[in-house]
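Here is a short set of exercises to work through with the structure open beside you. Try each task before you read its solution.

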Amino acid sequence: MSSVPETLSYTEEHEWITEPSDGVVTVGITAYAADALGDIVYVSLPQEGATVEAGEPCGEAESTKSVSDIYAPVTGEVVAVNGAVEEDPAVINADPYGEGWLLKIRTDGDSPDLLDAPAYSKLIEEA
C-alpha cells in the first residue's frame, strides 16, 4: 500500500483534492482506488467549461476488472482536463498523485466535508 500524501484532502469515494490556489483545485483518484481498480484502460472526464457538483459523478474509470464512477469533490467549473490520462490511462496507476491527476475545478467556494490524510488512512485501513 502506498503512502497517503499529507498535503492533500480526500473523499470517502477515494478522490484526492489539493488546497485551492486562486480558487482552483486539482483532483485525482487515490493510489488505493487505482490499486483496487487494477490496470486502468479507459477514462471518461467532463469537458472544460462543464459544471460539476460535489458528491455527484463527473466521470468514469474503466479497468480490466470493473468500471467505477469518479465523483466531484467540490462544486464548480472544470477549467482543465488532463489529456495525458485520456490518451494513456495507465498513467493513473503509475503516478496517481502526480502525472495521473484528472481535472482542475474552479470552486464556487463551498467545501464539502473532506478527510485529512490521517482520517483517509484510517478509512482505507478499515476497508
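**Exercise 1. A sheet, strand by strand**

How many bridges join β6 to β7, and do the two run parallel or antiparallel? Use your answer to work out the order of the sheet.

*Solution.* Before we start, please keep in mind that this is a predicted model.

Step 1. Five bridges join β6 to β7, and these strands run antiparallel. In one place along them, Gly59 stands opposite Ile70 of β7. The connection from β6 to β7 is a hairpin through three residues.

Step 2. Now turn to β4. This strand is joined to β6 (residues 57–63) by four bridges, again in an antiparallel arrangement. Val43, for instance, has Ala61 in β6 as its bridge partner.

Step 3. Put the strands together: the order is β4-β6-β7, an open sheet of three strands with antiparallel pairing. β4 (40–44) and β7 (67–71) each have a single partner strand, so they stand at the edges, with one side of each left without a neighbour in the sheet.

Step 4. Finish with the twist. On average, neighbouring strands here are turned by 25° against each other, direction ignored.

**Exercise 2. Classify the aromatic pairs**

Find the aromatic pairs, decide whether each is stacked or tilted, and say where the partners lie.

*Solution.* A pair of aromatic rings is described by how far apart the centres are and by the angle of the planes.

Step 1. Count them: there are two aromatic pairs.

Step 2. Take Tyr10 and Tyr120, whose ring centres are 4.7 Å apart, with 15° between the planes. Planes under 30 degrees apart count as stacked, and the Tyr10–Tyr120 pair is indeed stacked.

Step 3. Place these two in the chain. Tyr10 belongs to strand β1 (residues 9–10) and Tyr120 to helix α4 (residues 117–126), so the pair links distant parts of the chain, 110 residues apart. Both Tyr10 and Tyr120 are buried.

Step 4. Move on to Trp16 and Tyr97, at 6.2 Å centre to centre and 50° between the planes, which is a tilted pair. Trp16 is in strand β2 (residues 15–17) and Tyr97 in the loop between α3 (90–94) and β9 (103–107), so the pair ties together parts 81 residues apart in sequence.

Step 5. Compare their surroundings. Trp16 is buried, at 2% relative accessible area, whereas Tyr97 is partly exposed, at 22%. The cut-off for buried is under 20%.

**Exercise 3. A charge over a ring**

Which residue lies over the face of Trp101?

*Solution.* Look above the ring: Lys104 lies over the face of Trp101, 4.8 Å from the ring centre.

**Exercise 4. The whole chain**

Describe the fold in outline, and check whether its radius of gyration agrees with that of a compact globule.

*Solution.*

Step 1. List the elements. The protein chain has four helices and nine strands, and from the N terminus they run β-β-β-α-β-β-β-β-β-α-α-β-α.

Step 2. Check the dimensions. A compact globule of 127 residues would have a radius of gyration near 14 Å, and the chain's 13 Å agrees with that. The C-alpha trace spans about 35 × 35 × 20 Å along its principal axes.

Step 3. Look at burial and contacts. Of the 127 residues, 44% count as buried. Among contacts with a separation of 6 or more, 60% are between residues 24 or more positions apart.

Methods. Residues numbered from 1 in each chain as written. Predicted model: local features only at pLDDT ≥ 70, side-chain atom pairs only at ≥ 80, totals over all residues. Heavy atoms only, no water. Phe/Tyr/Trp six-rings, centres within 6.5 Å; stacked < 30°, edge-to-face > 60°. Buried < 20%, exposed > 50% of the residue type's maximum accessible area, 1.4 Å probe, protein only. Lys NZ or Arg CZ within 6 Å of the ring centre and 35° of its normal. Pairing = 2+ DSSP bridges. Axes fitted to C-alpha atoms, helices over the stretch in contact; angles between N-to-C directions. Rg over C-alpha atoms; globule rule 2.2 N^0.38 Å. Contact = heavy atoms within 4.5 Å.
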